[in-house]
Amino acid sequence: MLQVKGLSKNFGGVQAVKNVTLEVNKGEIVGLIGPNGAGKTTLFNMISLFLTSNSGEISFLEEKIDIATPEAVVGKGLLRTFQTPVGFPKLSLLENLMVVPPNEGEGIFSIFFKKKKITRIEQDHYDKVCGLLRQFNLYEKRNELAENLSAAELKLLELCRQLMANPKIMLLDEPASGVNPIMLEKMVQHILRLRSEGMTFLVIDHNLGFIYRICDRIYCLANGELIASGTPEEISNNEKVKSVYLGAS
Ligand SMILES: Nc1ncnc2c1ncn2[C@@H]1O[C@H](COP(=O)(O)OP(=O)(O)O)[C@@H](O)[C@H]1O
Ligand SMILES: [Mg+2]
């Protein structure tokens, strides 16, 4: 579904990502781990086209996407979250989700000439928002401001925002960071539920316990380079992985 071939990125003298090749197949949950500064977020930024790569290729759904815009890849169904949740702190949860445009391909003319249809789209949009808030146990808080949510609830709201755009793959940057153990368990259940409904994930996180639980396969980056890949069991026994984690702590 997602293929990355020989991707590299330099920031001045720093080679943040070096010749990384990886793939994610439909229905998989793939993890991306590595110590701080390993290049994980930079790799996500290139895949979601927030950053241009210096070399390499990215394909999504059998199509090269390197030359597309971030908006175009979102339209194709590649969505990512940010390490620090974005969204609108001063808006309610309902409003935070209502502002995500409906993915209906409506042109400006239909807005004037098909009022009935627009009303239906608005109603569908609202129903979808409420449905998602219920799924993620946020419905009771729908009228609260996003700034009053806990770190974990904000991460869930971020997942809802992504789901509003009908993703085919979700790239999650540190969904477990700052999340307490009870909420972390809920996050695990939500991700596994979405996968059982057909979703595909690429997930960055520092919490190896969390990554080992949810992932089918894991890639480990260190100093911008891929140093290992395999199942959770293989990765947890990999000497190179152990040494970069011990070295980093
Ligand atoms: N915009 C930037 N400008 C300069 N250097 C950057 C930038 N973004 C990341 N880096 C550097 O690239 C390396 C990888 O960073 P990053 O991708 O954020 O790592 P990770 O997410 O694995 O912690 C680090 O050395 C970091 O300092
Ligand atoms: Mg990062």
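User: What makes β9 and β10 paired strands, and in which sense do they pair?

Analyst: In this predicted model, β9 and β10 are joined by five bridges in the antiparallel sense. Pairing requires at least two bridges between two strands, so the count for β9 and β10 satisfies the criterion. One of the contacts places Tyr219 opposite its bridge partner Ser229 in β10. The connection is a hairpin with two residues between the strands, and Asn223 in the turn has a positive phi of about 50 degrees.

User: Which strands stand at the edges of the open sheet, and what makes them edges?

Analyst: The sheet has six strands in the order β6-β7-β8-β3-β9-β10, and its pairing is mixed. β6 and β10 each have a single partner strand, so one side of each lacks a neighbour in the sheet. On average, neighbouring strands are turned by 15 degrees against each other, direction ignored. At the β6 end, β6 pairs with β7 (residues 169–173) in the parallel sense over three bridges, and Leu78 stands opposite Ile169 in β7.

User: Why is the contact between Lys18 and Glu225 called a salt bridge?

Analyst: The closest N and O atoms of Lys18 and Glu225 are 3.9 Å apart. The cut-off is 4 Å between a side-chain nitrogen of Lys or Arg and a carboxyl oxygen of Asp or Glu, so the pair qualifies. Lys18 belongs to strand β2 (residues 14–24) and Glu225 to strand β10 (residues 225–230), so the contact ties together parts 207 residues apart in sequence. Lys18 is partly exposed at 27% relative accessible area, and Glu225 is partly exposed at 41%. By this rule, the count of salt bridges comes to nine.

User: How do you know whether Glu28, the salt-bridge partner of Arg217, is buried or exposed?

Analyst: Glu28 has a relative accessible area of 12%. Buried means under 20%, so Glu28 is classed as buried. The closest N and O atoms of Arg217 and Glu28 are 2.8 Å apart. Arg217 lies in strand β9 (residues 217–222) and Glu28 in the loop between β2 and β3 (29–33), so this salt bridge ties together parts 189 residues apart in sequence.

User: How are Lys90 and Glu147 classed by accessibility, and what links their side chains?

Analyst: Lys90 has a relative accessible area of 61% and is therefore exposed, the threshold being over 50%. Glu147, at 39%, is partly exposed. Their side chains meet in a salt bridge of 3.1 Å, N to O. Lys90 is in the loop between β6 (78–80) and α3 (93–98), and Glu147 is in the loop between α5 (115–135) and α6 (151–164), so parts 57 residues apart in sequence are tied together.

User: What makes Arg142 a charge over a ring, and which ring is involved?

Analyst: The charged end of Arg142 sits over the ring of Tyr139, 4.1 Å from its centre. The distance limit is 6 Å. Arg80 likewise lies over the face of Phe50, at 5.1 Å from the ring centre. Aromatic pairs number zero in the structure.

User: How do you know whether Cys130 and Cys160 are bonded or too far apart for a bond?

Analyst: The sulfur of Cys130 is 11 Å from that of Cys160, its closest cysteine sulfur. A disulfide needs sulfur atoms within 2.5 Å, so the two are too far apart for a bond. A search of the whole structure finds zero disulfides. Cys130 is buried at 6% relative accessible area, and Cys160 is buried at 0%.

Conventions. Residues are numbered from 1 along each chain as its sequence is written. Chains are lettered from A and ligands numbered from 1 in the order in which they are written. This is a predicted model: local features need pLDDT of at least 70, side-chain atom pairs count only at pLDDT 80 or more; totals for chains, interfaces and linings use all residues. Side-chain values use heavy atoms; hydrogens and water are left out. Helices (H or I, at least four residues) and strands (E, at least two) are DSSP runs, numbered from the N terminus. Buried means under 20% relative accessible area, exposed over 50%, partly exposed in between (1.4 Å probe, protein chains only). Axes are lines fitted to C-alpha atoms, for helices over the stretch in contact, and angles run from 0 to 180 degrees between N-to-C directions. Rings of Phe, Tyr and Trp (its six-membered ring) pair if their centres lie within 6.5 Å; planes under 30 degrees apart count as stacked, over 60 as edge-to-face and the rest as tilted. A charge sits over a ring if NZ of Lys or CZ of Arg is within 6 Å of the ring centre and within 35 degrees of the ring normal.
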